[in-house]
Structure formats: C-alpha cells, structure tokens
Amino acid sequence: MSTHVAAAAPAAAPGLESQPGTPTRTGLLIIGASQSGVQLAVSLRALGFDEHITLLGDEDHRPYQRPALSKEFLQGTVESESLIFRSNTYWAEHNVDLVKGEFIVRIDKEPDGSGVAHSASGKQFPFKRLALTVGARARKLEIEGGDLDGVLYLRNADDALALKARVGDARDVVVIGGGFIGLEAASSLQKMGKNVTVLEFGPRLVGRAVGEETADYFLQAHRARGLDIRLNTAAARFTADASGASVAGVELQDGTVLPAQIVLIGIGVIPNTQLAEQLSLAVDNGIVVDRYALASDGTTVAIGDCANMPNPVPGSAPGERIRLESVNNAIEHAKVAAYSLTGRREEYAGIPWFWSNQADLKLQIAGLCNGYDQTVIRRDQERGKFSVLYYRQGQVIAADCVNAPLDFMAVKNALAKGQNIPAGPAADPATPLKTITTDS
Amino acid sequence: MPTVHFTDAEGAVRDVQGNPGDSVMETAVRNGVPGIIAECGGSLSCATCHVFVREDCLSQLPPMEDMEDEMLYGTAVDREENSRLSCQLRLTDELDLFVTTPETQV
Ligand SMILES: Cc1cc2nc3c(=O)[nH]c(=O)nc-3n(C[C@H](O)[C@H](O)[C@H](O)COP(=O)(O)OP(=O)(O)OC[C@H]3O[C@@H](n4cnc5c(N)ncnc54)[C@H](O)[C@@H]3O)c2cc1C
Ligand code: FES
C-alpha cells in the first residue's frame, strides 16, 4: 500500500514540485494516526480537499478508538476489529496513504510550510503542509520499583494488550490515580473478578475535571459497589516478588504493603510537544494554536490532545486558553483545522462534551464548568440518576450527568443554541429540563 | 453477508455489506457512510448514530433499552416512531436492513 517510499528521493527545493518519475511530496502529512488525525483526513475529503494525504503513525495497528481500551476491550466485550476507525478500502478510495510503525524524530521545515519529516528508521517523508496530531503520553510515576514487570500504564492498544495478557494470573490489582482512566480500568478489572484498590493522592476523585458533588457521588457509588478507594494516599515504592523481576506489592507512605500482581498507573498525560519544540513552535502545556488551529509559524496545524487552544466555548473570557483531552474535542478541532487548510476560516464553537463509563455508572459531561459560581443538584435516588448543573451569573455553562441522558442532552442542546435553563425550576428533579429551557 | 441499505436525507441510496455481529453503526462508519458520526464509538453516550428504520424492518430488531430510549430524545433531528440508535442494532445473517440517515447528527 505504501506509495510514499521517498527515502531515496532528492528533496525538492521548497515550493517546487518533484520531477516526474520521482515520488511527489504528499500534499498533507499528518503525524499521529489516531482520533484527531483520522478525523482531519476524513473532514478534508468531505470538504473536497483533493491533494494527496499521508496519515502516519508510530503504532503498528490500523488507527483505532482508545476509549474502549479501559472499558469494553479490557472486559472482552468488544473485539479489536470493531475498534478500527475505517476499512483499508476507505483509505485507498480516498487517496489517503496510511503509514504504520514510523516514529518521526525530526522535521526540516521551510517558511512556506513545506518540508521533510525524518523517521527513526531513517525514512523521509516530504510534504507540502504539515499537521501535528501527536496526542499525549502517560505521565510516569518515578518511584522505586517503577520498572518492575507488571507495573503498567494504559494509553494505547499495546498497553491494553499487555494488561489483558496479565489479568488472568492476577488476583490483586492496585490502580494508582483516581481519574477517569484509573476509575474506568478499576471498574472493569473489578467486574472481571479482581480484588482492586484505587489509590488517589488528592483529597477527592477525578481531580478538577468534575465538581465536588460529582466527585463525592462517584466516591460513594464506587465504594458501595465494593471498590476499595483510598484518598489522600500515595504509593512510596513497589516491592518485587522472589524473582526480583515482577511486582508483588505497593508500599504506602505509612509502611502498609498492599499485595498486587498488577499495578496500573493512571496519573494523567503529558502532551507530545517534542516535534513542535524542535520546530521552534510556541509551546505551553501543549502546542499553542490560534482559533484556526494554526501553530505559531502560521502554517502547521496542531489539533487534539497535543494542542493548547483558545477556549472554544461561546462567551468564555477573552484570551482564555485550554487543552482538552477528549474524543469530542479531537473531532471538533480536526474540523476547524480542515476548514483552515482549505482556506475557510471558521471558528471552533462546538460545545465540548465528554463521557466516561464506570461499572453501571454512565457519566456524561456537557460544557466546561470553569468559573462557575452556583450549582444545582438533581438527584433521583430511586432510579440512580444524578446531575449537577453549573451556572455563571445565572447562565447554565455545564452539567455532569450520571445515568441521566435526558439532562445531559437538554443541557448540551441548550448550550449549543445559546439558551438557558433557569436554576430555580431546574432544582426539581422531576421537571424535565427540556420543558424549562428559555431563550436566555 | 447481511446488507444494510442506507438512504441519505436527499434520497441517495448506498448498500453496504457487513459482518454478522457488527452493529449498523460500525458498518456505516468503517465504510465512510456520511450521515453517521458515532462520536462515542457505540457506547450509547452520544446519540450521533441516529437512523430511521424502514417500518417493515422494525419488528426484526431487538427492543430498545431505556438508555437508548432516553438518548433518542436528544438527537439533532427529532426522533420519530421508527428512530433507533444504529450502534445498538446488530447485523445477523437473516437481516437485510433499510435505514435512512437524518439530515444532520449535530
Ligand atoms: C484508555 C483511554 C480511555 C479513554 N476514554 C475516553 C472517553 O471515554 N471519552 C473521551 O471523550 N475520551 C476518552 N479518552 C481520550 C481520547 O481517547 C483522546 O482524547 C483522543 O484519543 C485524542 O486523540 P488525538 O488524536 O489527539 O491523540 P492520540 O489519540 O493520543 O493519538 C496520537 C497518536 O500519535 C502518535 N504519535 C505521537 N508522536 C508521534 C511521532 N513522533 N511519530 C509518529 N506518531 C506519533 C501516537 O502514538 C498516537 O497514536 C480515553 C483515552 C484513553 C487512553
Ligand atoms: S455511537 Fe454514540 S450513541 Fe451510538
């Protein structure tokens, strides 16, 4: 399938097409073949972009969806094949060259946006335009024993396969980090019959992604389902088994040792900015981009988990920046970049949303709750539904909804249409939010 | 092989062959059928895989669960009697399914 074999091609002078007979530089080189890179290629084709596209990634898998890795895939309820985004036929029909297993280590770039990317294996990929969709990598926990066999992370398919391969032999699992990935994996592993303990360094679950009330709800709900969650607790070191090679336990700061044949660490991610730095692009908790997804050189686009962008929510404070880690953002941001690359300057004004499935708890978040000054809680104990609506100066800005898709949908739709859901009437959980939505 | 016949909002038809066990959504997305977004990849969280099922096919489908029912109230194009979320519909060897995709999913 690879028609791009460009290693031997003389790099054409910037701005010039290659000579007939030599491989042409690709119209757009997308580095990072995952959620945002795939969406960029797909959106460009939908907009009529007719140049050749190379979608390149370092993983040895066809591009796949990550969310299931901590949920259905881990539990074995979906097959790996159904995680694949697009069939090979689709890429061939749409003139997109999919390159797997090439890690880009350096890029030479000209002021006009063209250049050549160099991979670790020595291949060269000449391009006219460049997109960085390089995502983020798992943050490492640097403590004694961190390199023992069985101390694992969960960011990509290989990580998930490594975890799955060990699950069968394990009885006790310690999950470090009470964020989304940690809690999803912990719930999945518990469902698979493991004895799971979650250690959270902070005073509550899910850091700053949700408000206090939602964090509390999850703490109670998970404990009620038998998950051992320890807040304000840090791991001091990992102990080894008799062989000295594999992990056997987690020693806490107070000296307690929890047995663990698997330790899964989920303490956040770090955006991949190495290539951007090498290109001297502005970087600040991600690759800094403008509202058109353009990096500081004005030609490279950067999107998804790796990008730090102006807050896209309508009405947010001017100059406010944000880096989002979600499927929805990867998709919406890719659309902005696709418009930008086809010369249409459209602004990103989608309503960010997010989901996380943990045991029988379906969390859906609409909007961003930054800067809220009021919350309204809707709790239906009997049916296990729970929502928190966030307000700023009387205007609803976000909602966390657990097993309450109607609330989620109502808030998401209201935000998209610039409407409001007045706090007073919203406080009655029996009132459908849709019926009290007002035109601000 | 089971076939899903997708009709878009303008009336254009596209027939896609799928594998038994796959969902209608997966079959659409993998082949790039426009009109199905499926942001959540089938985990019943996004309602962007909404389809209208041809009346005579409805009875062959599994009944919907409460969650699907509730999610359908939030679709971009309003739900109808024959609305389903295509990630919840699995292909079987016997199934030849006719669905229409809505004008928009967002
Ligand atoms: C286990 C798990 C569960 C999740 N669950 C949810 C969920 O329920 N809901 C939700 O909204 N989001 C979820 N997410 C987050 C979501 O998957 C990410 O936000 C999304 O994948 C971001 O897409 P991206 O394309 O920006 O980056 P990534 O998906 O990180 O892709 C970047 C790709 O670039 C490759 N790459 C990096 N550097 C190079 C290089 N130099 N050369 C070549 N290739 C390179 C990487 O290997 C990777 O394949 C989850 C993530 C994980 C890991
Ligand atoms: S794909 Fe998201 S609800 Fe069907």
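Leaving aside its neighbours within four places in sequence, which residues is Glu26(B) in contact with? I shall return to that residue once the two chains have been introduced.

Good morning. What I am presenting is a predicted model of a complex. The predictor assigns the complex an ipTM of 0.92 and a pTM of 0.94.

Let me begin with confidence. Chain A averages a pLDDT of 92, and 94% of the residues score at least 70. Over residues 1–22 of chain A, however, the pLDDT is below 50. Beyond near neighbours in sequence, that stretch still has 29 contacts in the model. Where pLDDT is low, the predicted coordinates should not be read in detail. I would therefore ask you to treat those contacts with that caution in mind.

For chain B, the average pLDDT is 92, and 100% of the residues score at least 70. Within chain B, confidence is lowest in helix H2, residues 66–71, at a mean of 92. Confidence is highest in strand E4 of chain B, residues 83–85, at 97.

I turn now to chain A as a whole. The secondary structure of chain A comprises 10 helices and 25 strands. Is the overall form of chain A compact or extended? For 440 residues, a compact globule would have a radius of gyration near 22 Å, and chain A has 23 Å, so the value agrees with that of a compact globule. Along the principal axes, the C-alpha atoms of chain A fill a box of roughly 70 × 65 × 35 Å.

As for the interior and the surface, 56% of the 440 residues of chain A count as buried. Chain A exposes about 18400 Å², of which carbon and sulfur atoms supply 49%. Among contacts in chain A with a separation of 6 or more, residues 24 or more positions apart account for 60%. On charge, chain A has 42 positive and 50 negative charges, and the mean positions of the two sets are 3 Å apart.

Two residues of chain A deserve individual mention. The first is Gln274(A), which is placed in helix H7 of chain A, residues 274–278. Gln274(A) is partly exposed, because its relative accessible area is 41%. Along the chain, Gln274(A) and Arg106(A) are 168 residues apart, yet their C-alpha atoms are separated by 9.1 Å.

The second is Asn403(A), in the loop between strand E25 (395–402) and helix H9 (405–416) of chain A. The phi of Asn403(A) is near 55°, a positive value in a residue other than glycine. Why does Asn403(A) count as buried? Its relative accessibility is 14%, and the cut-off for buried is under 20%.

Let us move to chain B. Chain B has two helices and five strands, and along the sequence they follow the pattern β-β-α-β-α-β-β. The radius of gyration of chain B is 12 Å, close to the 13 Å that the globule rule gives for 106 residues, so chain B is as compact as a globular protein of that length. The C-alpha atoms of chain B fill a box of roughly 30 × 30 × 25 Å, taken along the principal axes.

Of the 106 residues in chain B, 51% are buried. Chain B exposes about 4800 Å², with 46% of it supplied by carbon and sulfur atoms. Where contacts in chain B join residues at least 6 apart in sequence, 64% of them are between residues at least 24 apart. How many positive and negative side chains does chain B have? There are 6 positive and 20 negative ones, and the centres of the two sets lie 5 Å apart.

In chain B, too, a residue other than glycine has a positive phi: Ala47(B), with a value near 60°. Ala47(B) is found in the loop between H1 and strand E3 (50–53) of chain B. Ala47(B) counts as buried because its relative accessibility is 4%.

Finally, I return to the opening question. Glu26(B) lies in helix H1 of chain B, residues 24–30. With a relative accessible area of 11%, Glu26(B) is buried. Its contacts, leaving aside neighbours within four places in sequence, are with Ser82(A) and Arg90(B). Glu26(B) is therefore a buried residue, and its partners include one residue of chain A, Ser82(A), and one of chain B, Arg90(B).

Thank you for your attention.

Notes:
Residues numbered from 1 in each chain as written. Chains lettered and ligands numbered in written order. Predicted model: local features only at pLDDT ≥ 70, side-chain atom pairs only at ≥ 80, totals over all residues. Heavy atoms only, no water. Helix = DSSP H or I, 4+ residues; strand = E, 2+ residues; numbered from the N terminus. Rg over C-alpha atoms; globule rule 2.2 N^0.38 Å. Buried < 20%, exposed > 50% of the residue type's maximum accessible area, 1.4 Å probe, protein only. Contact = heavy atoms within 4.5 Å. Areas by Shrake-Rupley, 256 points an atom, 1.4 Å probe, with all protein chains shown as cover. Lys, Arg positive; Asp, Glu negative; His and termini not counted. Charge placed at Lys NZ, Arg CZ, Asp CG, Glu CD. pLDDT = per-residue confidence, 0-100.
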